Amino acid sequence: MRTTSFLIFTIVALLNSAKAQTISDDFQGSGSITSWFGDNCGMNNNFNNPFQSGINTSTKVLRYSDTGGQYANVRFDTSPNFNLTSNHTFSLKIYVPSSGITGNQTNQISLKLQNGLLAEPWSTQCEIIKPIVLNQWQLVTFNFATDNYINLNGGSPNPLYRSDFNRVVIQVNGENNTSQVVAYLDDFLHTYTNTPIFNNLVWFDEFNGNGAINATNWFLQTQLPASGSWYNGEVQHYTNRQVNSFLNNGSLNIVAKRETFTDQGQTKQFTSARLNSKFAFKHGRVEVRAKMPTGFGTWPAIWMLGKNIIEPGSFWTSTNGTVNWPACGEIDIMEHWGTNQNYVQSALHTPSSFGSTINKGGQIISTVSSQFHIYTLEWTAERMIFSVDNVVHYIYNPQVKNATTWPFNEEQYFVLNIAIEPSIATNFMQSTMEVDYIRVYQETLLSTQEKNNLNDIILYPNPVTDELTLQISNQLIGIEAKIYSILGQEVDVFFLNEIKNSKDISHFQQGIYFVKLENETGIKTFKIVKN
């Protein structure tokens, strides 16, 4: 970073840990859904179950009666918005008697997720349709990670990458028809985990100054594997010389060069550098601002390995090594290949999938080598989310987490390097990966735990470009709101004096901010992204 100092701030009164919450309704009076509503249909959510049999012998159900309404459905709204990266599954039980159906519609049920704050909530909806059988109770599950879904707006992103859904719409036997249908619904369920707020900066390197890298933070790994060559057929030597890794005007420079170099009895035609961090951690948000090298055959990477790895010559092996790769787990925050110049990828290597792993995703970045971009990993106990400049391109969240799919219960350390592939261009001479900064954020340890008593608050849009809307209940009019930067600096204070409040943040820099609302009954904090 090109500043001479760096101040660390923390935000107080944020979430202390992830908490599992359930959105459910068994229609016996103990459900958490209080906003059921029927559009173009009859609805009774306290109806005596007329078919107490099979998998559902409960006494009360929701009765849905489409009497010919063209867009009949039942729905409810929720706050906070759904976080589908935490749990992407909704389920319910349904019974449709054949005696209640007219017309020739396909027997089906659809679950639609919408943004209820839009004037036309359906315009950006995402829908899953499932077949149903008649005259029996059945359990239907809608999985937005694995089921085929329909985005009404073809330009809408993958639903797992969205944060604007706050409405569930349930429709039986389709829409745009006047056929009739009676259905009984029960045991709606969606469980999710609140996303931790990683706001406390616990480790960083801004790479200020010029000359040698900070030996307190980094170890230069040079020892060749037993084969005499690095993995994947790579043809470089890694060195501890400043010509291959150094600080220059506030950036770390890792330089891959064509030159004859002999070390450890091996002569190679290329040199580079491979840095191990002397810091290791588990769970948090990583941000790395970097610019990639160029050249067909170059392979720069920003990645992590479990500090329990056995890899002779690495920084951690002598004190912590207990398992081999891939049992240690590998997290590739960013990989780039000169053979595919404008593409970056993130990947996970585990005992269940390694080498040519299937656990990967990426995106096109047209200025990957000409401009700096921010590569981000959010790592929780449940999932890993990878993004570039706040655009998510991959989420890893295996349903079964064990030693083969999730070897990420140990601390991991950073590796920064440029490898050279055997296909390196004949005219390649040298190229540089520049890293402006690397930062690790974790949750703040609090003396006062946040109270979640402020539930009637909705913020949108998110991400936001110019104007942020904050919608509250009548009881919260007059509540104070504060906006903090990612580093904990208070950047604005204002009061919400109406049910629907607008806040101009067009002058804010791009990035992540926290909006905190507080009164005598509790505290509520929201994370927003400013485009």
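Buried residues make up 54% of the 531 residues in this protein, and the model you have open is a predicted one. Zoom out until the whole chain fits your window. Along the principal axes, the C-alpha atoms fill a box of roughly 85 × 50 × 40 Å. Switch to a cartoon view and you will find one helix and 36 strands.

**Stop 1: a covered strand, β5**

Select residues 73–77, which make up strand β5. This strand is mostly covered, with four of its five residues buried. Which strands pair with β5? One of them is β2, residues 37–39, which joins β5 in the antiparallel sense over three bridges. To see one of those contacts, pick F37, whose bridge partner in β5 is R75.

Now add residues 167–172, strand β11, to your selection. β11 also pairs with β5 in the antiparallel sense, here over four bridges. Show V74 as sticks and look across to I170 in β11, which stands opposite.

**Stop 2: T124 in its loop**

Move on to T124, in the loop between β7 (108–114) and β8 (126–131). Is T124 buried or exposed? Its relative accessibility is 18%, and because the cut-off for buried is under 20%, T124 counts as buried. Next, select N151 as well, and draw a distance between the two C-alpha atoms: the separation is 7.0 Å, although T124 and N151 are 27 residues apart along the chain.

**Stop 3: two cysteines**

Select C41 and C328 together. C41 has a relative accessibility of 17% and so counts as buried. C328 counts as buried too, because its relative accessibility is 1%. If you are looking for disulfides, the structure holds zero of them.

**Stop 4: the second largest pocket**

Turn on a surface and select N232, W299, W303, W325 and E330. Of the 31 residues that line the second largest pocket, these five lie nearest its centre. The pocket has a volume of about 630 Å³. Four elements each give two or more residues to its lining: β21 (298–306), β22 (330–336), β23 (343–349) and β28 (412–420). Which of them gives the most? Colour β21, which contributes four residues.

Before you leave, try colouring the lining by residue class. You should see 17 nonpolar, seven polar and seven charged residues.

**Stop 5: a three-stranded sheet**

Head further along the chain and select β30 (457–460) and β34 (500–504), then add β31, residues 467–472. These three strands form an open sheet in the order β30-β31-β34, with antiparallel pairing. β30 and β34 stand at the edges; each has a single partner strand, so one side of each is left without a neighbour in the sheet. On average, neighbouring strands of this sheet are turned by 20° against each other, direction ignored.

Look at the β30 and β31 pair in detail: four bridges link them in the antiparallel sense. Within this pair, L459 stands opposite L470 in β31.

**Stop 6: a four-stranded sheet**

For the last stop, display β33, β32, β35 and β36, which follow one another in that order in an open sheet of four strands with antiparallel pairing. What are the edge strands? They are β33 (490–496) and β36 (522–530), each of which pairs on one side only. The twist averages 20° from one strand to the next.

Walk across the sheet from the β33 side. Strand β32, residues 479–485, runs antiparallel to β33, and six bridges join the two. Select Y484 and you can find its bridge partner, E490, in β33.

Step over to β35, residues 511–519. Six bridges join β32 to β35, again with the strands running antiparallel. Show K482 and K516 as sticks: K482 stands opposite K516 in β35. How many of the nine residues in β35 are buried? Seven of them are, so that this strand is mostly covered.

Finish at the far edge. β35 and β36 pair in the antiparallel sense over nine bridges. Pick G511 to end the tour, and look for its bridge partner in β36, which is K530.

Methods: Residues are numbered from 1 along each chain as its sequence is written. This is a predicted model: local features need pLDDT of at least 70, side-chain atom pairs count only at pLDDT 80 or more; totals for chains, interfaces and linings use all residues. Side-chain values use heavy atoms; hydrogens and water are left out. A disulfide is a pair of cysteine sulfur atoms within 2.5 Å. Buried means under 20% relative accessible area, exposed over 50%, partly exposed in between (1.4 Å probe, protein chains only). On a 1 Å grid over the protein atoms alone, a cavity is a set of points where a 1.4 Å probe fits but cannot get out, and a pocket is an open set with protein on both sides within 12 Å along at least five of seven lines; lining residues have an atom within 4 Å of a point. Grid points are joined across faces, edges and corners, and a volume is the space filled by probe spheres set on the points. Ala, Val, Leu, Ile, Met, Phe, Trp, Tyr, Cys and Pro count as nonpolar, Asp, Glu, Lys and Arg as charged, and the others, Gly among them, as polar. Two strands pair if DSSP finds at least two bridges between them. Axes are lines fitted to C-alpha atoms, for helices over the stretch in contact, and angles run from 0 to 180 degrees between N-to-C directions.
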